[in-house]
Amino acid sequence: MFEKMLDPDRIEDFLEFRGGRQIQDFRVAKMLAYLKSDDYIKDVKRLLAGDYYFSLPVKKLIPKGYTNRKRTVYHFTENEMTLLRMMSFVMHDYEALYPKEVYSFKKGISAKNFICRVSTDKRLRNMFVAKTDIADYGNSIDPDILIGCLQRELAQQEPEAVAFFTWLLSRGKYIFEGKETEGNTAALPGIPIHNFFTNLYLLEADRYLIPKCVAYARYSDDIIMYCRTRQEAEDNLKDLHEIIHRLGLRHHEDPHKTNVFSPGEPYDYLGIAFEGAQIDIAETSLKKLKRKMRIRTKRIGLDKNKTHTSPQDKARHLIRLNRGTFFGRPGSSDLSWTQWAFPVITRTDGLHELDLYNQHCIRYVLTGKWSDAQYRISYEELKALGYVSLVRTYYAYKEENDLAKRKETNE
């Protein structure tokens with residue numbers, strides 16, 4: 001791993017990858033300056049020699065999405081984080097450790113691949129579905145068990161890397177609110193290599209349950225299994241929970257997150273709602289997106305810093321931000337929300353609901369009212385300000401996609 005991190009070609013590949021992400025130019029410039037410096041070479045060689053100089057991680061509690069809950073994350077100095085980003089990039093070389101049924105944090109693979117499989121494999125519509133979601137996964141991982149996984153799976157190929165990971169996970173100290181504190185840092189959620197740890201930790205469950213299921217998928221801490229009978233589904237879910245609990249984890253008790261579903265019964269997985277052959281945006285996803293839009297709308301509507309000269313200026317700003325949420329930012333190589341959702345959904349109820357709410361928010365910043373009085377603003381006026389309908393864009397996407405398929409078939 002450390003030798004690969006010193007390879008100039010790998011460094012260039014990493015910088016190209018990071019340069020296409022939705023991150024500020026100054027951060028890319030800082031990473032570039034460090035990775036091209038003698039300091040970076042010295043730092044990697046020190047780690048290779050077993051001189052583990054890293055500072056204590058700083059623990060922070062940050063809002064979890066647009067909810068009232070807090071997420072625990074850890075952060076090192078900027079150069080140390082860049083080094084860990086490069087380390088995480090190189091560790092993609094070991095994706096073969098995970099079964100193909102693990103869809104999280106892989107190059108060129110995402111949950112969309114599994115959802116596309118569900119949408120096209122008609123057999124799965126007649127299966128019983130068992131699924132579970134692990135509560136507070138990143139902060140619940142036992143460092144000692146994780147170190148055992150690393151030693152078992154990777155020590156022969158990467159002894160120096162495993163030695164460093166063991167040291168990193170074993171310190172049991174961090175900085176919180178400016179004070180050095182002793183305590184369990186779990187798998188250090190927030191650091192770039194954390195995703196590698198979360199994929200590795202549940203390998204025992206993956207390997208045991210995959211042969212027992214018609215289909216199996218895991219995305220980090222979200223696991224779903226398709227089984228021929230209810231008894232198989234219940235037995236597999238029981239076995240999964242036993243493994244989870246043995247690893248020091250606990251599953252969510254919410255029946256929407258952990259349950260067995262009969263064929264045709266609606267269920268959600270990774271923000272997508274399944275009901276027979278129909279696939280839509282899950283209600284939980286709609287609530288998160290609408291909450292995000294509402295908070296953004298209130299902030300722009302209040303305009304405490306007086307940055308907007310008119311209600312129309314506010315509306316254009318809100319439209320740009322919401323378009324960025326759904327369609328991504330221009331020039332970014334990141335997968336946008338619509339690029340992820342459009343290929344898998346088969347119905348537009350969720351998109352229609354988001355369209356109506358988006359229009360509602362835009363009309364609010366134009367009129368200052370949430371009431372029916374705002375509807376004096378016509379749909380054509382919203383379009384003139386730059387509003388784009390998700391439903392219309394979806395049907396245009398489907399038409400273009402169908403046309404391309406027909407053309408390919410004819411050729």
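**Notebook: helix H10, cores, sheet and helix pairs**

I began with the surroundings of helix H10: its buried residues pack against helix H7 (137-140), helix H8 (143-154), helix H9 (159-170), helix H11 (203-209) and strand S6 (215-219). I note at the outset that this is a predicted model.

I then listed the buried residues of H10 and found His194, Phe196, Phe197, Thr198, Asn199, Leu200 and Tyr201. Since 7 of the 8 residues of H10 (residues 194-201) are buried, I recorded the helix as largely enclosed by the rest of the structure.

**Entry on the cores**

Phe196 led me to the largest nonpolar core, which has 71 residues. The residues with the most contacts inside this core are Met5, Leu83, Met87, Phe165, Phe196 and Met225. I looked up which element gives the most to this core and found H5, with 7 residues. I also noted a second, separate core of 49 residues, with Val129, Leu351, Ile377 and Leu390 among them. As background, nonpolar side chains in soluble globular proteins tend to be buried together.

I examined Met87 next. Leaving out residues up to four places away in sequence, I found that Met87 touches Met1, Phe2, Met5, Leu47, Phe164, Phe165 and Ile193.

**Entry on H2 and H5**

I checked how helix H5 (residues 78-90) lies against helix H2 (residues 8-19): the two pack at an angle of about 105 degrees, and their axes are 10 Å apart. I therefore entered H2 and H5 as roughly perpendicular to each other. From H2, the contact involves Arg10, Ile11, Asp13, Phe14, Phe17 and Arg18; from H5, it involves Arg85, Met86, Phe89 and Val90. By class, I recorded 6 nonpolar, no polar and 4 charged residues in the contact of H2 with H5.

**Entry on the sheet**

I traced an open sheet of 4 strands in the order S2-S1-S4-S5, with mixed pairing. Strand S2 (70-75) and strand S5 (179-182) are at the edges; each has a single partner strand, so one side of each lacks a neighbour in the sheet. On average, neighbouring strands of this sheet are turned by 40 degrees against each other, direction ignored.

I went through the pairings that involve S4. Strand S1 (residues 58-63) pairs with strand S4 (residues 173-176) in the parallel sense over 2 bridges, and Lys59 stands opposite Phe176 in S4. S4 and S5 run antiparallel and are joined by 4 bridges. Phe176 has Lys179 in S5 as its bridge partner. I also noted that S4 and S5 form a hairpin with 2 residues between them. In the turn, Glu177 has a positive phi of about 50 degrees.

I then looked at Leu61, which is found in strand S1. Its relative accessibility is 44%, so I entered Leu61 as partly exposed. The C-alpha atoms of Leu61 and Thr72 are separated by 4.7 Å, although these residues are 11 apart along the chain. Setting aside its neighbours within four places in sequence, I found Leu61 in contact with Lys70, Arg71, Thr72 and Phe176.

**Entry on H16 and H18**

Last, I looked up helix H16 (residues 349-367) and helix H18 (residues 390-410), which pack at an angle of about 140 degrees with their axes 8 Å apart. I therefore recorded H16 and H18 as oblique to each other. Leu351, His352, Leu354 and Asp355 of H16 and Leu390, Val391 and Tyr394 of H18 make the contact. I classed the residues of this contact as 5 nonpolar, 1 polar and 1 charged. Leu351 and Leu390 are also included in the second core.

Conventions. Residues numbered from 1 in each chain as written. Predicted model: local features only at pLDDT ≥ 70, side-chain atom pairs only at ≥ 80, totals over all residues. Heavy atoms only, no water. Axes fitted to C-alpha atoms, helices over the stretch in contact; angles between N-to-C directions. Parallel < 35°, antiparallel > 145°, perpendicular 65-115°, else oblique. Contact = heavy atoms within 4.5 Å. Nonpolar A, V, L, I, M, F, W, Y, C, P; charged D, E, K, R; others polar. Pairing = 2+ DSSP bridges. Buried < 20%, exposed > 50% of the residue type's maximum accessible area, 1.4 Å probe, protein only. Core = buried A, V, L, I, M, F, W, Y, C linked by side-chain atoms within 4.5 Å.
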